[in-house]
Amino acid sequence: MHLDTEAQTPRWWLGGDPVATAVLNALSLTFPEGERFFIQSIKRYAKDLPADLAADVRAFTQQEGAHTREHIAFNQITARSGYETEAVEAYAGRRLDIARARPPLAQLAATMALEHFTAAFAHCLLADRKFLAGAPEGLANLWRWHSIEEIEHKGVAYDVFMHATRKMSPWRRWGIRRWAMILTTVLFTRTLRETSLMLLQQDGITGLSASWALFRFLWLRPGLYRRMLGDYLAFYRPGFHPWQVDDRALIVQAEMTLGADGLQSEAA
Ligand SMILES: [Fe+2]
Ligand SMILES: [Fe+2]
C-alpha cells in the first residue's frame, strides 16, 4: 500500500464532515509515535519467545512499520489541507511519555490494551461501510488496509504479554490486564478528545459545540465507542483472548473490497 499524496484531497475528506475528519486525522497523527512505542515495548520481550510467536512478532513489526510510513504520508495531506499538525503530534507525544515512564511490563500491558482498542476500532470500520462513506477511494483504502492488518495481528501483543507473565498466577495477570486497560482507556480517550478538539478548533468549532459534536460522533451517530463497547468490555473477562472474536471472514471480505485498487498499489 502506497498512498498517493499528490491526489487532490478536500480538507474535510471524510464525507465533508469536519468532526469525522478531525477524529480520523487526530488518530492518524498519533499513529507514528504510538506504533513506535508498540514495537519498542514488544521487542523488549522478544528474546526467548517460542518460534511461532517470534515469527508473529516479526510480522507485527513489519506491519506496524508500514503503517507508520503510510500514516506519515497521510499526515502530510492533513498538513497540506491547512491544519497545524505539529502541536497535535507534540501533545500526543507528551501523553505517550507518560506511558514510556512506566516499567517495561506496564508498557507491554499498555500496548496489549491499545492493540485491543485498535482491533475493535478496525472491526467497526470494516463491518460498517458507512464509517468511510464519502471518503476518496485512496484514503478509504488506506484505512481499510490498516484495519485489516490490525485485525491480523490483534493477538500478538496479548500473546507476548502472556508469555512474559507465564510465571505469574492467573489472578495476578488478570489484575494487571484490567488495570492496564482502565489506565489506557483514560489516557487514550483523553488524548483522542484533546487532539480532535485541537483540530476542530482550527475549523472554528470550539467550546461546548465542539465537545457535543465529538460526544455525538463517539457515542450516538455513528457512535464509534458505542459500537466498540461489546468488544471492549470482553477484554475484562478472565480467560479472554483476542481471537475469541473470530473476524477472519470480515478481513477476507474487506480484502476483496479493497480490490484491484489496493492490490495494484501494493504491486507498484
Ligand atoms: Fe498499526
Ligand atoms: Fe497494531
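## A two-iron site among helices

H1 passes H7 in a right-handed crossing, where right-handed means that the near helix is turned clockwise from the far one by less than a right angle, and left-handed that it is turned anticlockwise. This is a predicted model, in which local features need pLDDT of at least 70 and side-chain atom pairs count only at pLDDT 80 or more, while totals for chains, interfaces and linings use all residues. Residues are numbered from 1 along each chain as its sequence is written, chains are lettered from A and ligands numbered from 1 in the order in which they are written, and side-chain values use heavy atoms, with hydrogens and water left out. The iron ion (ligand 1) and the iron ion (ligand 2) are 3.8 Å apart, with Glu 64 coordinating both.

**The iron ion (ligand 1)**

- Its protein donors are Glu 35 (OE), Glu 64 (OE), His 67 (ND1), His 146 (NE2) and Glu 150 (OE), at 2.0 to 2.3 Å from the ion.
- Donors here are N, O and S atoms within 2.8 Å of the metal (3.2 Å for Na, K and Ca), and since water is not among the atoms, sites may look incomplete.
- If you like to read a site from the sequence, the donor residues of the iron ion (ligand 1) are spaced E-x28-E-x2-H-x78-H-x3-E.
- Glu 35 sits in helix H1 (residues 18-43) and His 146 in helix H5 (residues 137-152), so this pair ties together parts that are 111 residues apart in sequence.
- Helices are DSSP runs (H or I, at least four residues), numbered from the N terminus.
- Glu 35 is buried at 2% relative accessibility, and His 146 is buried too, with a relative accessible area of 4%.
- Buried means under 20% relative accessible area, exposed means over 50%, and partly exposed is in between (1.4 Å probe, protein chains only).

**The iron ion (ligand 2)**

- Coordination comes from Glu 64 (OE), Glu 115 (OE), Glu 115 (OE), Glu 150 (OE), Glu 150 (OE) and His 153 (NE2), at 1.9 to 2.7 Å.
- The site of the iron ion (ligand 2) is irregular, with angles of 52 to 150° among its 6 donor atoms.
- Irregular is whatever remains after these cut-offs: four donors are tetrahedral if all angles lie between 85 and 135 degrees, while four are square planar and six octahedral if opposite donors are over 155 degrees apart and all others between 65 and 115.
- Along the chain, the donors of the iron ion (ligand 2) follow the spacing E-x50-E-x34-E-x2-H.
- Distant parts of the chain are linked by Glu 115 in helix H4 (residues 104-127) and His 153 in the loop between H5 and helix H6 (156-164), 38 residues apart.
- Both Glu 115 and His 153 are buried.

**Helix H5 and the loop after it**

- H5 has 16 residues and reaches 22 Å from its first C-alpha to its last, close to the 22 Å expected at 1.5 Å a residue.
- That expected span is 1.5 Å times one less than the number of residues in the helix.
- H5 is mostly covered, with 13 of its 16 residues buried.
- Lys 154 has its place in the loop between H5 and H6, where it is buried with a relative accessible area of 6%.
- The C-alpha atoms of Lys 154 and Ala 119 are separated by 6.0 Å, although the two residues are 35 residues apart along the chain.

**How helices pack**

- Two packed helices are described by the angle between their axes and the distance between the axes.
- H1 and helix H7 (residues 170-201) pack at an angle of about 120°, with their axes 8 Å apart.
- Axes are lines fitted to C-alpha atoms, for helices over the stretch in contact, and angles run from 0 to 180 degrees between N-to-C directions.
- H1 and H7 are therefore oblique to each other; angles under 35 degrees count as roughly parallel, over 145 as roughly antiparallel, 65 to 115 as roughly perpendicular and the rest as oblique.
- Helix H2 (residues 51-80) and H6 have axes that come within 10 Å and cross at roughly 140°.
- H2 and H6 are therefore oblique to each other, and H2 passes H6 in a left-handed crossing.

**Residues in H7 and H8, and a cis bond**

- Trp 174 is found in H7 and is buried at 18% relative accessibility.
- Pro 170, also found in H7, is exposed at 63% relative accessibility.
- The C-alpha atoms of Pro 170 and Leu 199, 29 residues apart along the chain, are separated by 43 Å.
- Ala 213 lies in helix H8 (residues 207-220) and is buried, with a relative accessible area of 11%.
- The peptide bond from Arg 221 to Pro 222 is cis, its omega being near 0°, and Pro 222 lies in the loop between H8 and helix H9 (224-234).
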